[in-house]
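Me: Got a minute to go through this one with me? I'd like to start with the backbone oddities.

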Amino acid sequence: MKNFKFHILILLILFFFFDIDPVYAGPGGTVVKAIFKTWWGKAILSLIVIIFLPLIIYTQIREFIGVRKTKKQLLVLSKINKDFSWLNLDKTCRNIFSRVYVAWNNEKMQEVSEYVSSWYWQNQQLVVLDQWKKENLRNICQVEKIKKVKPLYLEISNEENLNGSRIAFSIEATIKDYLVNRETHKVVKGKNSYDDEEKIWILEYNEGKWVLDDIQDSSLTLAFAKMKNVIPLEILDNNKVIHGNRMKAN
């Protein structure tokens, strides 16, 4: 325990000493901290990886177990509704992800109103995009490649056709994401280059379609992967596929 506290102390000192400055951009409002793009940032990140290697390995294993369990349970759910099959979900996630980035880059979230919840697109438009316009800033964000989509956590509804169900996905992609001044076109925050990023996208199933309802930071990946999926027992029992993961709905 003393060693763990010591490692945490080192990490905090590094963060405060090098004045890590967050970049506010991209769908959801934030991207990775800017210092990790610099030489010093990469050196610090390498040191952090070495110090926390056991924790990183533990995180990867827990995430792998959580994703595997979730995919097995999606196989059960796909027998009730094909929209829950993993192949369909993977395609749906990639489609929504790409469309949201295009709409965000165009500063018109209404373009994806059928792919995101009403609350989400209005909130992002008013709170983020419109505010940046007032500050004479524009967010440039483009997707080069979607690398991985992984289901981390399920909250399954027992309503007809599973309406109201929610799934948290980890999405890794290569993106370009930075802020520029509208008049001078000078980069204000971020970097005009493609970098690998990871976010947690939460999709909700309503009226026969999946929509984006929220975006969370990748730091919560382990927390989502460790959570017990919420699936009504009758759904698992009716399909007679119980992989040691019977759970009660909230």
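Me: Is asparagine 136 buried or exposed, or something in between?
Reply: Asparagine 136 is partly exposed, at 23% relative accessible area. Partly exposed lies between buried, under 20% relative accessible area, and exposed, over 50% (1.4 Å probe, protein chains only).

Me: Where is asparagine 136, and what's its phi?
Reply: Asparagine 136 sits in the loop between α5 (118-134) and β1 (137-155). Its phi is near 65°, which is positive although the residue isn't glycine. Most residues other than glycine have a negative phi.

Me: And what about leucine 162, buried or exposed?
Reply: Leucine 162 is buried, with a relative accessible area of 3%. Leucine 162 also has a positive phi, near 65°, and belongs to the loop between β1 and β2 (166-181).

Me: How far can I lean on the model?
Reply: It's a predicted model, so local features need pLDDT of at least 70, side-chain atom pairs count only at pLDDT 80 or more, and totals for chains, interfaces and linings use all residues. Numbering runs from 1 along each chain as its sequence is written, and side-chain values use heavy atoms, with hydrogens and water left out.

Me: New topic: how many helices and strands?
Reply: The protein chain has 7 helices and 4 strands, in the order α-α-α-α-α-β-β-β-β-α-α from the N terminus. Those are DSSP runs: helices are H or I with at least four residues, strands E with at least two.

Me: What share of the residues is buried?
Reply: Buried residues are 43% of the 250 in the protein chain.
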